[in-house]
Amino acid sequence: MDPSSTARILLAEDDPVSLAFLAEALRGLGLHVTTVADGEAALIAARARRFDALMLDHHLPGLDGDAVLRALRADAGAASRAITAIATTADPDPAIHARLRDTGFARVLVKPLDAASLRKGLDALGIAFLPASSAPVPALDDGDGLQASGSLQALSALRGLLARELDGLADEWNDLRGDAATMAGRLHRLRAACGF
């Protein structure tokens, strides 16, 4: 793939483990990735620059992925107004997936994802990336982890991020116990992190 034809994707994900995995997996496919960690930053970036695709987490802080997409579609001056949008979510509820598609997402990808599922989802939307034979994957003893992550670097980074996530949760646990809504959000992030 010619670098000038590399597809540009805006990835909006607030969970650091999910963000690291998805960004590395997308880069492993030869795509140019711009990352943001909240809905407001995603909206600003998509208004200012034309991307070839948007990958927005359903549960972003501030503006969720749905609100970002609705605001973009309503803004005639937004550079990425009519661009293909993909929703990511750890929520398995088909009703939520249907609502996301009704909002305008071309595809809903359920986390945790592996590199093969991500590739399949992008291919179904016609997003150009490097063919599998052009993106060699080094050998690794734990083949399932490598296959799911797409690269040794991604696998190592994900393990480090998960360890930090678990350490942080131990420190936060007592504070979270009295707040069911905050705990539910924190556990949602942890479920996604563990899946990756």
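Which residues in α2 meet V68, A71 and L72 in α3? Hold on to that one while we walk through the fold; keep in mind that this is a predicted model.

Let's begin with the overall layout. The protein chain has eight helices and five strands. Read from the N terminus, the elements go β-α-β-α-β-α-β-α-β-α-α-α-α, so to speak a strand and a helix in turn until the run of helices at the end. Of the 196 residues, 43% count as buried. If you take the contacts with a separation of 6 or more, 61% of them are between residues 24 or more positions apart.

Now for the sheet. Its five strands form an open sheet in the order β2-β1-β3-β4-β5, and the pairing is parallel. At the edges sit β2 (32–36) and β5, each of which pairs on one side only. From one strand to the next, the twist averages 20°. As for what holds such an arrangement together, strands of a sheet pair through backbone hydrogen bonds, either parallel or antiparallel. For a concrete pair, look at β1 (residues 8–12) and β3 (residues 53–57): these strands run parallel and are joined by four bridges. L11 has M55 in β3 as its bridge partner.

Next, the helices that lie on the strands. Helix α1 (residues 16–28) lies across β1, β2 and β3, and runs at about 165° to β2. Helix α2 (residues 39–48) also lies across β1, β2 and β3, running at about 160° to β1.

That brings us back to the opening question. The α2 residues are G39, A42, L43, A46 and R47, and they meet V68, A71 and L72 in α3. By class, this contact has six nonpolar, one polar and one charged residues. How do the two helices sit relative to each other? The axes of α2 and α3 come within 9 Å and cross at roughly 25°. Angles under 35 degrees count as roughly parallel, and that makes α2 roughly parallel to α3. The crossing of this pair is right-handed.

On to α3 itself, and what it does with its buried residues. These are G65, D66, A67, V68, L69 and L72. Against which elements do they pack? The buried residues of α3 pack against α2, β3, β4 (84–89) and α4, so α4 is the neighbour to look at next.

Helix α3 (residues 65–74) and helix α4 (residues 94–103) have axes that come within 10 Å and cross at roughly 15°. The two helices are therefore roughly parallel to each other. Here the crossing is left-handed, while that of α2 and α3 is right-handed. On the α3 side, D66, L69 and R70 take part, and they meet R99, L100 and T103 in α4. The residues of this contact divide into two nonpolar, one polar and three charged.

One last stop is a backbone detail. Where does P112 sit? Its place is in the loop between β5 (107–110) and α5 (115–124). The peptide bond joining K111 and P112 is cis, with omega at about 5°. For context, most peptide bonds are trans.

Terms used:
Residues are numbered from 1 along each chain as its sequence is written. This is a predicted model: local features need pLDDT of at least 70, side-chain atom pairs count only at pLDDT 80 or more; totals for chains, interfaces and linings use all residues. Side-chain values use heavy atoms; hydrogens and water are left out. Axes are lines fitted to C-alpha atoms, for helices over the stretch in contact, and angles run from 0 to 180 degrees between N-to-C directions. Angles under 35 degrees count as roughly parallel, over 145 as roughly antiparallel, 65 to 115 as roughly perpendicular and the rest as oblique. A crossing is left-handed if the near helix is turned anticlockwise from the far one by less than a right angle, and right-handed if clockwise. Contact means heavy atoms within 4.5 Å. Ala, Val, Leu, Ile, Met, Phe, Trp, Tyr, Cys and Pro count as nonpolar, Asp, Glu, Lys and Arg as charged, and the others, Gly among them, as polar. Two strands pair if DSSP finds at least two bridges between them. Buried means under 20% relative accessible area, exposed over 50%, partly exposed in between (1.4 Å probe, protein chains only).
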